[in-house]
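Q: I'm new to this structure and would like a close look at a single part. Could you walk me through the surroundings of the ligand?

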Amino acid sequence: METVLQLTDVSKAYGAVKALKQVSLTIPKGSVFGILGPNGSGKTTMMSIVLDVLGADTGTYSWFNQSPSSADRKRIGSLLETPNFYHYLSAVDNLKITSAISGRGNDQAIDEVLEIVKLTERKKSKFSAYSLGMKQRLAIAAALLGNPEVLLLDEPTNGLDPVGILEIRELIKRLASKGITIIIASHLLDEVEKICTHVAILKRGNLLTSGPVDEVLSNEDIVEVSAENMDALKSCVGQIPDVLSIKEDNQRLQVHFKAGTAKMEAVNQHCFNHGITLNLLLNKKKSLESKFFELTND
Ligand code: ADP
Ligand code: MG
C-alpha cells in the first residue's frame, strides 16, 4: 500500500509540557485516518508539525515518501483553524481572495469546490449570514482549492449542531470516495468510528495504538473461563459456534465472540455436557467506549 505520510519518532515539548513523545505513524493512501485522543493529547501539535507550521524537537516526517518540499505542500490541503473570512463579503468573493493569496485555484475551481461542499445556491450570500456549519463547509472548500490529494482537518465538527455535524460527515465521505486521503483529528470516538477507515490513538503525547478501525476498536464479547484441565477446556470451548478466537492468559482462557453473541449459560452448559466443570466464568464484554476509556485512562 502506498504511504501518504510517515512520522518517525517525532517529539515536541512546550517548555515542561511534552506534547508529543516519539510518535511514529504511517498513513496509507486513500484512508480516512482518525487521530483520536482527548483534549490536550497532542493532535493539533502533530498536525501543525506535518504542515510545517511548527518545528519538531526531534524525529522526522515525510510526505509521499519524499523529504518535505514546497512541491509536496501543493498536494496538501488543510483546515487547522477556521480561516479569517471577510464577514461582509460573499462566499465566492471570499474564496477569490483565498485563491489569490494562496495561488491555488481559479474562478472555475472556486465554482467546483463550492459545488462539492454544497454551497452553490448560497455562494452570493454574505459570510456573516452563514450558519456555523456553512462557514465550516466554506473553510473546507478553501482547503480544497488546488485539488489536494490529502486533506487535514482538525476537529472539523467542533461546535456544530447535529445537522451541521451530519453535513460535514457526509462531505468527508464524499471526498474520500473521490480518492482524497483524509486525516482528521478528533476527540470523539463516535465520529472516528463512523467515518474513519484507520485510527491512531493519542494519549498525553504517546501514540497508544494505530491501524484499521475494526482492528483497533474491535468490538467483541469476551468470556473468561477456567477449569482444572485447561487443555480439555480449550478443545471443548473451541467447538462452540460463534467463537472467533481463544487466548490463554494466566491460567484462564479468554474466549472471543462476535459482539452480542456470547451467551454465558450456553458456554457453561456446553462445558458441562463435555464433562468439564468450570471454576471460573466471567463476562468481560467490551464496548467501544470501554475500550477507548481503558486505552486513554490511567
Ligand atoms: P489536542 O489538539 O489533542 O487538544 P494540543 O496539541 O493542542 O492537543 O496540545 C498538547 C499539549 O500541549 C497540551 O498539554 C497543551 O496544553 C500543550 N500546548 C499546546 N500548545 C501549546 C503552546 N503554544 N504553549 C504551551 N503549551 C501548549
Ligand atoms: Mg486540538
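A: Here is a walk around ligand 1, with a short stop at a pair of helices afterwards. Keep in mind that this is a predicted model.

Let's begin with who is there. The residues around ligand 1 are Tyr14, Val17, Ala19, Pro38, Asn39, Gly40, Ser41, Gly42, Lys43, Thr44 and Thr45. Sort that shell by class and you get six polar residues, four nonpolar ones and one charged.

Where do these residues sit? Two elements, strand E2 (17–28) and helix H1 (43–50), each supply at least two residues of the shell. The biggest share comes from H1, which gives three residues.

Now for the polar contacts, starting with the backbone. A polar backbone atom of Gly40 is 2.7 Å from an oxygen atom of ligand 1. Gly42 joins in too, with a backbone N or O atom 3.0 Å from an oxygen atom of the ligand. Thr45 uses its side chain instead: a polar atom there lies 2.5 Å from an oxygen atom of ligand 1. As for cover, ligand 1 has 560 Å² of accessible area on its own, and the protein covers 59% of that.

Before you go, take a look at helix H3 (residues 91–102) and helix H5 (residues 132–144). Their axes come within 10 Å and cross at roughly 35 degrees, and the crossing is right-handed. On the H3 side the contact is made by Ala91, Leu95 and Thr98, while H5 brings Leu138, Ala141 and Ala142. By class, this contact of H3 with H5 has five nonpolar residues, one polar and no charged ones.

Notes: Residues are numbered from 1 along each chain as its sequence is written. Chains are lettered from A and ligands numbered from 1 in the order in which they are written. This is a predicted model: local features need pLDDT of at least 70, side-chain atom pairs count only at pLDDT 80 or more; totals for chains, interfaces and linings use all residues. Side-chain values use heavy atoms; hydrogens and water are left out. A residue is near a molecule or strand if one of its heavy atoms lies within 4 Å of it. A polar contact is a pair of N or O atoms within 3.5 Å; within protein, one must be able to donate a hydrogen and the other to accept it, and residues adjacent in sequence count only if both atoms are side-chain atoms. Accessible areas come from the Shrake-Rupley method with a 1.4 Å probe; for residues, only the protein chains shown count as cover. Helices (H or I, at least four residues) and strands (E, at least two) are DSSP runs, numbered from the N terminus. Ala, Val, Leu, Ile, Met, Phe, Trp, Tyr, Cys and Pro count as nonpolar, Asp, Glu, Lys and Arg as charged, and the others, Gly among them, as polar. Axes are lines fitted to C-alpha atoms, for helices over the stretch in contact, and angles run from 0 to 180 degrees between N-to-C directions. A crossing is left-handed if the near helix is turned anticlockwise from the far one by less than a right angle, and right-handed if clockwise. Contact means heavy atoms within 4.5 Å.
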